[in-house]
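Visitor: Please take me through one part of this model closely. I would like to see the helix that matters to the biggest opening, and then how the rest is arranged around that picture.

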Amino acid sequence: MVPDDELVGINEIAEMAKTSRQAVANWRSRMSDFPKPIVNLASGPVFRRSHVRAWLRRRKVPMAHVFSTINLKGGVGKTTTTVALAETLSAEKHKKVLVIDLDPQTNATTMLIGEEKWRELNDKGFTLAQLFKDALNPDSKKFDLKKTLQTQVSDVSSATTIDLLPSSLDLIDVQDELINTPVGKYGAIRPFDILWRATKELIEDYDVVIIDCPPNLGKITQNGLRMSHGFIIPTIADILSTYGIPQIVRRVREFSEEIAENIEPLGIVVTKYQAISNVHVNMLKQLKLNHAADPKNWPPVFNTLIPQANQMAAAAEHSDYSTLKQKWGYQGLHTRISDLATEILSKLGA
């Protein structure tokens, strides 16, 4: 059964598309690929929200494009890639960006607002951990979306259109509880719908939403994937870092089928690449061969390679930078990140 808040009528579609009811009626009559209603009521046809949103995106109606970054292996540059992309999309591509940090390590959060500000928010309960705590204790809800949302974050002064929903170390304990809590405790709310329900109206204010997922496929990660149209897998080109890629793809595909939402593997982002390393060169070739032989379980490799650079580690420290080039401009990083952002936007149809 489809939850009521996933269903929309003509009026809601007009609001989503920022157009008139008559325009939506015209689309229905003239566009053969317009989504079919799941039911026709006396008050009018009823559609599935996700189907309408996908159609609107294909028609280039401005909609938020949401993707996750995920890898089961730590230390592969997942979070650094997330933040670098957010800052590039803001400062260079002129996109309004929301970063949702679901990783309990809180690295994306501290990179964007600094450790001191994060501690202040964490002490006051203004992180996403509180949202999931509320789900576990629905009689004592304390999550405040407005106070949790941090606006105009980033230490790059030219990246002025990035907002953040910060993470917390408390997500480690919360995730363990979510795993062991029966679905019935949430009433009608499915455990992987918690984040979507809290932010579904907010995300439409953005051009791009990037969700930094934990290095696992648990309930917190599912909350991120539930909202995503696609996902990228940052990885070092070595055996240990790439070993779990088919597992990620299969599990996400199964989850996608379970919730009847399309979550596309956008591609593999090779990070910390060293052209002088035979291991990296050979593994890059192998990843491309894997995709050619088994595209169902091995996503394509993005053309852009993110090189190994000392500046990547330095960028993890919250500081003050005037421009992207000042922060990411060493050893070709700025150009590579910009190229990767362009590739991802193309994949998203943005």
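Guide: Start at the end of α3. This helix is followed by Lys60, whose phi is positive, near 65°. Most residues other than glycine have a negative phi. Keep in mind that the model is predicted.

Now step back into α3 itself, residues 49-58. Its buried residues are Ser50, Val52, Arg53, Trp55, Leu56 and Arg57. Two arginines, Arg53 and Arg57, are on that list. What covers the buried residues includes two helices, α1 and α2 (21-30). The cover also includes the strands β1 (7-8), β3 (44-48) and β4.

The same helix faces open space. The largest pocket holds about 820 Å³. Its lining counts 37 residues, and those closest to the centre are Ser50, Arg53, Ala54, Arg57 and His229. Of these, Ser50, Arg53 and Arg57 are also among the buried residues of α3. The elements that give two or more residues to the lining are α1 (10-17), α3, β4 (65-69), α11 (219-227), β9 (264-271) and α17 (333-348). The largest share, seven residues, comes from α3. By class, the lining has 17 charged, twelve nonpolar and eight polar residues.

Look next at α11, another contributor to that lining. Eight of its nine residues are buried, so α11 is largely enclosed by the rest of the structure. The buried ones are Ile220, Thr221, Gln222, Asn223, Gly224, Leu225, Arg226 and Met227.

The strand β9 also lines the pocket. The loop between β9 and α14 (278-293) holds Lys272. Lys272 is not a glycine, yet its phi is positive, about 50°. With a relative accessible area of 30%, Lys272 is partly exposed. A further positive phi belongs to Thr106, near 60°. Thr106 sits in the loop between β5 (97-101) and α5 (107-113). At 6% relative accessibility, Thr106 counts as buried, because the cut-off is under 20%.

From the pocket, turn to the packing. In soluble globular proteins, nonpolar side chains tend to be buried together. Here the largest nonpolar core has 50 residues. Leu98, Ile100, Phe132 and Phe231 touch the most other members. Take Leu98 as an example. Beyond its sequence neighbours up to four places away, Leu98 touches Leu149, Asp163, Leu164, Leu165, Leu202, Ile203, Tyr206, Val208, Val209 and Ile210. A second core is separate and has 39 residues, including Leu85, Leu112, Leu121 and Leu324.

Leu128 gives a useful second view of the interior. This leucine is found in helix α7 (residues 128-136). Its relative accessible area is 0%, so Leu128 is buried. Leaving out residues up to four places away in sequence, Leu128 touches Ile100, Asp101, Leu102, Phe143, Thr148, Leu165, Pro166, Leu171 and Leu195. Ile100 is one of the residues with the most partners in the largest core. Leu165 is a contact of Leu98 as well. Now measure across to Leu324, a member of the second core. Leu128 and Leu324 are 196 residues apart in sequence and 28 Å apart in space, C-alpha to C-alpha.

Beside Leu324 in sequence is Thr323, in the loop between α15 (310-314) and α16 (324-328). Thr323 counts as partly exposed, at 38% relative accessibility. Leaving aside neighbours within four places in sequence, Thr323 is in contact with Val156 and Ser158. The C-alpha atoms of Thr323 and Asp155 are separated by 9.3 Å, with their positions 168 residues apart along the chain.

Such long-range pairing is seen in the totals too. Among contacts between residues at least 6 apart in sequence, 75% join residues at least 24 apart.

Finish with the whole protein. It has 17 helices and nine strands. Of its 350 residues, 55% count as buried. The C-alpha trace spans about 65 × 45 × 40 Å along its principal axes. A compact globule of 350 residues would have a radius of gyration near 20 Å, and the protein has 20 Å, which agrees.

Methods: Residues are numbered from 1 along each chain as its sequence is written. This is a predicted model: local features need pLDDT of at least 70, side-chain atom pairs count only at pLDDT 80 or more; totals for chains, interfaces and linings use all residues. Side-chain values use heavy atoms; hydrogens and water are left out. A nonpolar core is a set of buried Ala, Val, Leu, Ile, Met, Phe, Trp, Tyr and Cys residues joined through side-chain atoms within 4.5 Å. Buried means under 20% relative accessible area, exposed over 50%, partly exposed in between (1.4 Å probe, protein chains only). Contact means heavy atoms within 4.5 Å. On a 1 Å grid over the protein atoms alone, a cavity is a set of points where a 1.4 Å probe fits but cannot get out, and a pocket is an open set with protein on both sides within 12 Å along at least five of seven lines; lining residues have an atom within 4 Å of a point. Grid points are joined across faces, edges and corners, and a volume is the space filled by probe spheres set on the points. Helices (H or I, at least four residues) and strands (E, at least two) are DSSP runs, numbered from the N terminus. Ala, Val, Leu, Ile, Met, Phe, Trp, Tyr, Cys and Pro count as nonpolar, Asp, Glu, Lys and Arg as charged, and the others, Gly among them, as polar. The radius of gyration is taken over C-alpha atoms; the globule rule is 2.2 Å times the number of residues to the power 0.38.
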